[in-house]
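Biologist: Could you take me slowly through one part of this model, keeping to what can be read from the atoms? I would like a close look at a charged side chain and the helices around it.

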Amino acid sequence: MKFNTKTIHGNQHHDPSTGAVMTPIYQTSTYAQKSPGDHKGFEYSRTGNPTRSALENMLASIENGQYGLAFGSGLAAIDAVIKLLNPGDEVISTNDLYGGTFRIFTKIFEKYGIKFHFIGMGNPSEIEKYINTNTKLIWVETPTNPMMNIIDIEAVSKIAKKNNLILAVDNTFATPYLQQPLDLGADIIMHSATKYLGGHSDVVMGALVVKDKELADKLYFIQNASGAVCGPMDSFLVLRGIKTLHVRVQRHCENGKAVAHFLANHPKVGKVYWPGFESHPNHEIAKKQMRDFGGMISFTTNGDKLEDAIKIVENLKIFTLAESLGGVESLSGHPASMTHASIPREERIKNGLVDSLIRLSVGIEDIDDLIADLDSALKLI
Ligand code: P1T
């Protein structure tokens, strides 16, 4: 089955009890047993729920994995991955990443004796300098949030394999339509399903996909034991969202490209971060590992003034100023004060995340309206 067919049919079966074509929302916490342990495959909805199972099977299908796991948020999925580790273990992570990921690593897991190294991975051989006998996991976000850096997944996976490390890739920005990390050698794919997978800004959810049975069993154990699962209604919504993932992301990419070029040619704009530009430092890697370049763009104002950035986001009308991304509607964000405020300013600035940086999640509205909106707001500075 090819990708577009998988988003609709991947690992799906009509409901066995009624033939319902759409997976029903099994809004139940528990399941009748004939005799202790004699049941129809479900005992308690933290452990398993038929609507969640249908979604988990779908997630495995679209990421070319074997096992999918759905969680109550992207951070709950990240939490489960790091719980594979033990005190004393070390993680090497991209230095540009979602602020909440940085926060859970440094403010929660460091407390339990896990050490994190945040490094630039534009040149993957840098990673080897940080590997020692305690290193267990490499955490890669690509494209990174919000600087749109691209990391060569295949090159990092070679380093991970050579050193017997787990490679986890946060595939939230790319989506499986654009990039398939398991095929490039990653061991775990993580998603904030809140974003493009759900696609309609109406649900908070996380996901993991793996190929290896032993790793899947460990993660299922953590999912059940820690209990950060999602409910059946949310599972239904994301399953429904995935059915249009391919068409939505195609339009996000088309609109993203037009907005990126508009910004790059605008006199009031400073730098534009989008991996589709030939001048992007890892454009060739993006071309190699992604089908297209996505709908996420960051840019600075010409003159790099915080007040100008604030004025723009306050005056955009179609782009709503809000946290999150990946929905059908366009959003703008100010990472320094919103999504990445939990990263110390000096760390942020080192990675290019300056105070005037604006992040856009380009939606699937008419492109002329999006460009007119940006043009009107930029005229005010
Ligand atoms: O919000 P949640 O579903 O818990 O997912 C966390 C997360 C993980 N990874 C990436 C790359 C993310 O972008 C996020 C969440 N990000 C936002 C809310 C945001 O606006 O960037």
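Modeller: What follows begins with one arginine, moves to a helix that packs against its own, and ends with a pair of crossing helices. Please keep in mind that this is a predicted model. Arg248 lies in helix α9, which covers residues 245–264. Although Arg248 is buried, it has no salt bridge, and the nearest side chain of opposite charge, that of Asp202, is 9.2 Å away; a salt bridge would need a side-chain nitrogen within 4 Å of a carboxyl oxygen. What, then, is Arg248 in contact with, leaving aside its neighbours within four places in sequence? Its contacts include Tyr196, Leu197, Gly198, Gly199 and His200, and also Gly326, Val328 and Ile364. Two further contacts of Arg248 are Gly241 and Ile242, and both of these are buried residues of helix α8.

Helix α8, residues 232–242, is itself mostly covered, with eight of its eleven residues buried. Among them are Pro232, Ser235, Phe236 and Leu237, and the buried residues of α8 pack against α1 (3–9), α2 (50–62) and α9.

For another case of helix packing, turn to α3 (residues 74–82) and α4 (residues 99–109), whose axes come within 10 Å and cross at roughly 45°. That angle makes α3 oblique to α4, and the crossing of the two is right-handed. On the α3 side, Leu75, Ile78, Asp79 and Ile82 take part, meeting Gly100, Thr101, Arg103, Ile104, Phe105 and Phe109 in α4. An α-helix has 3.6 residues a turn, so residues three or four places apart point the same way.

Key:
Residues are numbered from 1 along each chain as its sequence is written. This is a predicted model: local features need pLDDT of at least 70, side-chain atom pairs count only at pLDDT 80 or more; totals for chains, interfaces and linings use all residues. Side-chain values use heavy atoms; hydrogens and water are left out. Helices (H or I, at least four residues) and strands (E, at least two) are DSSP runs, numbered from the N terminus. Buried means under 20% relative accessible area, exposed over 50%, partly exposed in between (1.4 Å probe, protein chains only). Lys and Arg count as positive and Asp and Glu as negative; His and the chain ends are not counted. Contact means heavy atoms within 4.5 Å. Axes are lines fitted to C-alpha atoms, for helices over the stretch in contact, and angles run from 0 to 180 degrees between N-to-C directions. Angles under 35 degrees count as roughly parallel, over 145 as roughly antiparallel, 65 to 115 as roughly perpendicular and the rest as oblique. A crossing is left-handed if the near helix is turned anticlockwise from the far one by less than a right angle, and right-handed if clockwise.
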